[in-house]
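Visitor: I am new to this structure and would like to be shown around by questions.
Guide: Here it is.

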Amino acid sequence: MKTARGEWLDHTGDAGLRVWAATLPDLLVTCAAYMMRSICPAGEIRSRTTRQVVVEGHDLVELLVRWLNEINTLGSLHHELYMDFRITLLDLAGAPPHHLQGVVRGEPIDPERHHPEREIKAVTYHAANVRREGGGWRAQVIFDI
Amino acid sequence: MSGPQLKQIDRTLWELPRTGGMRVPGRIYATKRMLPDLTRDNAAQQVANVAHLPGIVGYSLAMPDIHWGYGFPIGGVAAFDLDEGVISPGGVGYDINCGVRLLNSELLADEVRPRIEPLVEALFQHVPSGVGSRGPLKVTGDELDRVLVEGAGWAVARGYGRPADQQHLEENGCMSGADPGLPSQRARQRGADQLGTLGSGNHFVEIGCVDEVYDEKAAAAMGLQTGRITLMIHTGSRGFGHQVCDDSLQVMLRAARTYGIALPDRQLCCAPLRSPEGKDYLAAMAAAVNFAFANRQIITHLVREAFASVLGDEAARGMHTVYEVAHNIAKLETHEFEGRSRRLCVHRKGATRAFGPGRPEVPARYRELGQPVLIPGDMGRFSYVLRGTVRAMRETFGSACHGAGRLMSRKAALKAARGRQLIDEMRQRGVVVMARGRGTIAEEMPEAYKDVSQVVETVHEAGLATKVVRLRPLGVLKG
């Protein structure tokens with residue numbers, strides 16, 4: 001699997017996302033990119049501010065859900081939108097909790113240029129999974145809209 | 001269907017027999033006609049999942065607007081024993097105390113109809129909505145502590161609305177037991193500038209009119225007359241509540257491991273009600289509940305200002321709060337169960353309290369009738385006001401449905417809306433709609449929802465709440 005890809009799932013109450021990628025960092029980054037694009041089209045967002053993301057989790061599912069929730073929360077807290085995501089540390093060795101660090105880039109919401117389509121209340125643990133598939137990785141999450 | 005098999009009990013009630021680790025059976029209120037919609041996704045399985053939780057009493061219940069949620073189904077109700085039972089943030093949801101307020105008015109729909117467009121425009125200008133919106137005030141430190149303890153009363157004391165508003169809210173707009181020291185600094189930061197904001201998604205302010213009266217006595221007590229304008233406000237605790245839930249889930253995931261609670265779905269993570277984690281969640285949740293009460297109180301004031309700007313002060317003076325319900329909440333309540341009075345923790349996730357006549361929690365004005373139950377529909381069809389019943393007290397811990405319930409996924413709704421001019425379609429149906437988010441109107445289009453009339457008829461027939469009036473939408477502000 002060379003190119004990461006994702007698809008939106010039919011979830012009656014909220015919104016579900018499934019993503020495939022060759023590596024775990026790619027998987028996490030692609031999930032974040034899809035989530036943010038569902039809030040606001042990426043083309044409208046410039047890379048002007050940088051935020052650090054630091055989370056820990058008992059397993060890969062917790063790391064994924066907390067990574068996405070942290071990005072969503074940073075956006076809500078600072079009234080910002082993000083378009084560039086990078087993993088700087090993914091430590092799965094040893095006993096949990098495992099650690100994940102990353103950097104996100106974007107800019108404050110500008111009502112003149114940005115046209116956000118929806119707010120994501122949170123990323124849920126319901127039906128969330130991260131698994132190996134076809135030589136790469138697959139993740140699934142449900143968002144509370 | 002895949003998953004659990006349903007056994008019919010009567011015309012409006014279906015049972016999920018106990019299987020596997022279920023501690024109690026599940027019960028779903030629905031007609032046979034509604035069954036295909038509720039069995040084609042995972043909602044029934046979610047009813048079964050909730051039945052696995054320790055200390056659940058009676059049944060894992062679901063109302064006719066049941067649909068697939070996360071953790072609990074939307075439309076789920078579950079009561080837990082205070083000694084043996086648990087509290088689960090997933091049984092409340094991220095939008096803690098998401099709820100609905102209804103205002104009546106002295107305005108006649110026939111006179112106001114030509115002014116609906118400027119009224120919706122005024123709502124759009126006065127009520128901050130959509131992603132990243134900021135409210136009319138920034139509240140931090142001790143002042144935010146007071147919001148978290150006093151709820152709607154805080155807002156009324158600062159000139160946002162009237163004391164009479166507060167007397168007609170569930171819990172009188174203030175849940176006891178809130179500890180303002182428990183929500184995280186981040187929750188406080190997220191909430192600081194979000195009081196008085198609507199949010200997005202299915203949140204709205206709707207101008208409607210009383211279209212049909214089914215129960216003259218109850219309608220008169222609620223000040224709802226045929227042809228009069230009404231206002232409905234649907235929103236919750238915004239980022240503050242989302243953060244309280246998110247923070248609590250981290251604690252509850254650990255707690256479930258500590259207390260050895262087996263979870264069929266991680267989102268159902270929970271802690272015993274008697275544990276420090278359980279008590280802390282209840283106190284933090286109550287703070288978020290009060291944040292939401294204050295939020296809707298401020299929006300009520302902004303709605304009156306919007307009306308005053310178009311129709312004059314007299315119009316706004318005549319707008320009174322009928323009632324307000326919370327439909328994402330966990331509450332400690334006393335219920336008669338198996339012949340004795342018991343204190344229980346009732347989770348309502350997308351379900352409305354529907355207390356019957358005589359309950360002390362219901363405002364004096366409605367106590368003989370039963371609590372007003374506010375059921376918003378989709379933006380193109382109707383909304384309803386019902387009243388709670390003795391039967392609801394017996395069967396559902398005093399609970400009924402909370403809305404129409406989604407029928408289509410958002411993905412399917414966006415596909416169905418492609419190429420259509422939904423705002424024009426709505427206008428042809430006599431409804432003026434404005435929305436901040438570009439995708440909102442498509443995702444929230446009427447076909448995306450079940451027909452609320454079917455849901456309400458089911459609740460009415462099941463005797464959980466009885467119809468008082470039907471409201472017809474005229475203008476809608478969506479987030």
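Guide: Helices here are DSSP runs of H or I with at least four residues, numbered from the N terminus. Note also that this is a predicted model.

Visitor: In which helix does B:Gln189 lie?
Guide: Helices are numbered from the N terminus. The run that covers residues 185–192 of chain B holds B:Gln189, and that run is helix α8.

Visitor: Is B:Gln189 buried, exposed or partly exposed?
Guide: A residue needs 20 or more other C-beta atoms within 10 Å to be buried, and 12 or fewer to be exposed. B:Gln189 has 18 other C-beta atoms within 10 Å, so it is partly exposed.

Visitor: How far apart are the C-alpha atoms of B:Gln189 and B:Gly141?
Guide: Along the chain, B:Gln189 and B:Gly141 are 48 residues apart. In space, their C-alpha atoms are separated by 10.0 Å.

Visitor: Which elements of chain A each supply at least two residues to the side that touches chain B?
Guide: The contact involves 28 residues of chain A and 36 residues of chain B. On the chain A side, the residues divide into 10 nonpolar, 11 polar and 7 charged. The elements asked for are α2 (60–78), β6 (122–133) and β7 (136–144) of chain A.

Visitor: Which helix gives the most to the largest nonpolar core?
Guide: That core has 210 residues, and those with the most contacts inside it are A:Cys31, A:Leu64, A:Val141 and B:Met285. The helix that gives the most supplies 19 residues, and it is α11 (residues 276–311) of chain B.

Visitor: What is A:Leu64 in contact with, leaving aside its neighbours within four places in sequence?
Guide: A:Leu64 is among the residues with the most contacts inside the largest nonpolar core. With the neighbours within four places set aside, its contacts are A:Leu28, A:Cys31, A:Ala128, A:Val130, A:Ala139 and A:Val141.

Visitor: What span should the 36 residues of α11(B) have?
Guide: The expected span is 1.5 Å times one less than the number of residues. The end C-alpha atoms of α11(B) are 52 Å apart, which agrees with the expected 52 Å.

Visitor: How many residues of α11(B) are buried?
Guide: The helix has 36 residues and is mostly covered. Just after α11(B), B:Gly312 takes a positive phi of about 95°. Within the helix, the buried residues number 28.

Visitor: Which are the edge strands of the open sheet of 7 strands in chain B?
Guide: The order of this sheet is β1-β2-β3-β4-β5-β13-β12, with mixed pairing. An edge strand pairs on one side only, and here these are β1 (7–10) and β12 (328–337) of chain B.

Visitor: Which residue of β5(B) stands opposite B:Leu61?
Guide: Strand β4 (residues 56–70) and strand β5 (residues 72–81) of chain B run antiparallel and are joined by 6 bridges. Opposite B:Leu61 in β5(B) stands B:Val77.

Visitor: What angle does helix α17 of chain B make with β4(B)?
Guide: Helix α17 (residues 452–462) lies across β2 (13–16), β3 (26–29) and β4 of chain B. Its direction runs, relative to β4(B), at about 160°.

Visitor: On the sheet of 4 strands in chain A, what is the strand order?
Guide: The pairing is antiparallel and the sheet is open. The edge strands are β1 (5–9) and β6 of chain A. The order is β1-β2-β7-β6.

Visitor: Which helix of chain A packs on that sheet?
Guide: The helix touches β1, β2 and β7 of chain A, and its direction makes about 145° with that of β2(A). It covers residues 24–39 and is α1.

Visitor: Which peptide bond is cis, with omega near 10°?
Guide: One of its residues, A:Pro97, has its place in the loop between β4 and β5 of chain A. The bond runs from A:Pro96 to A:Pro97.

Visitor: Is B:Asn97 buried or exposed?
Guide: B:Asn97 lies in the loop between β6 (86–87) and β7 (99–104) of chain B. Its phi is near 55°, a positive value in a residue other than glycine. With 30 C-beta neighbours inside 10 Å, B:Asn97 counts as buried.

Visitor: And is B:Glu338 buried or exposed?
Guide: B:Glu338 is in the loop between β12 and β13 (340–349) of chain B. Its phi is positive, about 50°, although it is not a glycine. With 7 other C-beta atoms within 10 Å, B:Glu338 is exposed.

Notes. Residues are numbered from 1 along each chain as its sequence is written. Chains are lettered from A and ligands numbered from 1 in the order in which they are written. This is a predicted model: local features need pLDDT of at least 70, side-chain atom pairs count only at pLDDT 80 or more; totals for chains, interfaces and linings use all residues. Two residues are in contact if their C-beta atoms, placed from the backbone, lie within 7 Å. Ala, Val, Leu, Ile, Met, Phe, Trp, Tyr, Cys and Pro count as nonpolar, Asp, Glu, Lys and Arg as charged, and the others, Gly among them, as polar. A nonpolar core is a set of buried Ala, Val, Leu, Ile, Met, Phe, Trp, Tyr and Cys residues joined through C-beta atoms within 7 Å. Two strands pair if DSSP finds at least two bridges between them. Axes are lines fitted to C-alpha atoms, for helices over the stretch in contact, and angles run from 0 to 180 degrees between N-to-C directions.
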